[in-house]
Amino acid sequence: MEEQLKYLRSRTIVEPLVDRFYAWLYTVAPVQAAMNLAFRQVPLLESYLQSPQVHIAASSNPELRGGYYVNIPEERVEEVRELLATIKRDRADMLRFAEAIAEGQELLRANATGFDLTPLYPQLPAELGGIVELAYDTDNQAAVRFMEPLAYLSPAYTEARQSVQLSLEPDTERPFILSTPRLTDPNVLDLPIPFNHPGLTELFKSRVHGATLGHLRAALGLDDAQTEQLLGLLADEPSLSTDRHIGEGGRIRYFGHACLVLQTPEGAVVTDPFISADNSQGDRYTLDDLPDFIDLVLITHGHQDHIVLETLLQLRGRVGAIVVPRPSRGNLADPSMALVLRHLGFEVIEVDDFDEVPFPGGKVTATPFLGEHCDLDIRSKSTYWVELAGRKIFVGADSSGIEPKLYRYVRNHLGRADIAFVGMECDGAPLTWLYQALLTKPVTKKMSNSRKLSGSDAKQAGDILTELGVEEAYVYAMGEEPWLGHVMATTYNEDTYQIKQIEEFLEWCRGRGIKAGHLYGQQEWRW
């Protein structure tokens, strides 16, 4: 008898890992991954092994939520010790590459004084040979430029680091992704396969189309024990929502954080997908509510809560293309999202300001993104202007209104926006929280704290709306939804500065007749 079709349960959690750490842009792109491994993750594991009790206590302290502490019980300390030893042995090339980057930067600081850089090439560490260029800007400030595609061909990049863990949605918050590696667990299916493995595409397609257990076993190369674990993640019937498509007009659905699903009967666009897998709560849209095919996924910038590999991998096979902003080409702090995603098996469209990308029934225009990156020279960031079903929607992500005239240019070019979505995390984490591993020259705490991952405050958000001529505006939740804690690790209350600023902004909108709201969980707009 032919095997029955099975469907991947919506409550399946997918965690992509690199050397057991949760994967995000800066731990997959080879140059940045080497730096994070050498100067963040290895020291973190060493610190835990020296004082596991300190890390465990800190991990349970609400005031230290989102700090760099390893949240692993002390009885598993030997597994952490083995992980560290394995990394030092198997990733020696990556660790040496990171050290070479630091040495190359120091060589440049000491010797690049405005004169010819040619004599410095023979002095560069051998690991950098052939994949970097030394250059001045017009102010005679020297920098190392990485020829990033070549780094994927070097020992700094290996798919052997990659694996995937599958499990069912837990009842507790998962450990913070930037600090705690994922060890083996009897309730977790470990797949030692790269992220671009075609078997993963077959597995995730089964959520919509179904597949037999035998087909999935063969596609993923599972043994008997793994097949039995996979069976627990499958259901006999799909759990797809009946209203995931629309028959007329336009619709926007807010899926939480910065994720919007914009639809017409002809097409669908999703922004920064970061979607809950828990369909048992009834207070959120989940993977069940996504349309079967998504024409475009728009990524606004490279932070771990906006380009979420955990969600993106599950969409492979049902997405036309992912639209990403173009980087500065070779800047240490600015890896190419397009290169990463292409290595993960996606079709990618790279855009610059005011580039246009059509989709059935509409058009997307890339628009400038200002600030929010600690004043680093990071250019791979974009807001978007989506036109569909007669409406113009400004997707502002975490862009700041520090220079309102920017948005005047946007309006002059594209007209008035009907609806704007803006980010107001206006007191973000300091420079070193996210970028410490990339800083080859130390910065003071005072300097770090002065440069934050901050979006707009009330005045800046108001200035954006004024310049765009917006009559309806919404502020994204700032990681407040409960299913985002493992990535965001943020905690707010009614007296928090950010919440006060949002209240001030909403009052500003009311005073000007602008319909506005602070989003949370889910919301829908129809026309």
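Start with the whole chain and colour it by burial: buried residues make up 59% of the 527 residues. Keep in mind that this is a predicted model.

Stay with the full chain for its overall dimensions. Along the principal axes, the C-alpha atoms fill a box of roughly 70 × 65 × 45 Å. The radius of gyration is 23 Å, which agrees with the value near 24 Å that a compact globule of 527 residues would have. Switch to a cartoon view and there are 17 helices and 23 strands to step through.

Next, turn on contacts. Among those between residues at least 6 apart in sequence, 73% join residues at least 24 apart.

Now show the surface. About 21,400 Å² of the chain is exposed, and carbon and sulfur atoms supply 49% of that area. Then select the charged side chains: 49 are positive and 75 are negative. The centres of the two sets lie 3 Å apart.

**Helix 5**

Select residues 92-111, which form helix 5. This helix has 20 residues, and the distance from its first C-alpha to its last is 28 Å, close to the 28 Å expected at 1.5 Å a residue.

Which residues of helix 5 are buried? Show the side chains of Met94, Leu95, Phe97, Ala98, Ala100, Ile101, Gln105, Leu107 and Leu108, and mark Gly104 as well; these are the buried residues of the helix. To see what covers them, add helix 2 (30-50) and helix 4 (77-90), which are part of the cover. Strand 4 (132-136) and strand 5 (142-146) are also included in it.

**Two residues with positive phi**

Move to aspartate 375, in the loop between strand 17 (362-367) and strand 18 (383-388). Its phi is positive, about 65 degrees, although the residue is not a glycine. Is aspartate 375 buried or exposed? Aspartate 375 counts as exposed because its relative accessibility is 68%, and the cut-off for exposed is over 50%.

Finish at alanine 397. Look for alanine 397 in the loop between strand 19 (391-395) and helix 12 (405-414). Here too phi is positive in a residue other than glycine, with a value near 45 degrees. Is alanine 397 buried or exposed? With 1% relative accessibility, alanine 397 counts as buried, since buried means under 20%.

Conventions:
Residues numbered from 1 in each chain as written. Predicted model: local features only at pLDDT ≥ 70, side-chain atom pairs only at ≥ 80, totals over all residues. Heavy atoms only, no water. Helix = DSSP H or I, 4+ residues; strand = E, 2+ residues; numbered from the N terminus. Expected span 1.5 Å × (residues − 1). Buried < 20%, exposed > 50% of the residue type's maximum accessible area, 1.4 Å probe, protein only. Contact = heavy atoms within 4.5 Å. Rg over C-alpha atoms; globule rule 2.2 N^0.38 Å. Areas by Shrake-Rupley, 256 points an atom, 1.4 Å probe, with all protein chains shown as cover. Lys, Arg positive; Asp, Glu negative; His and termini not counted. Charge placed at Lys NZ, Arg CZ, Asp CG, Glu CD.
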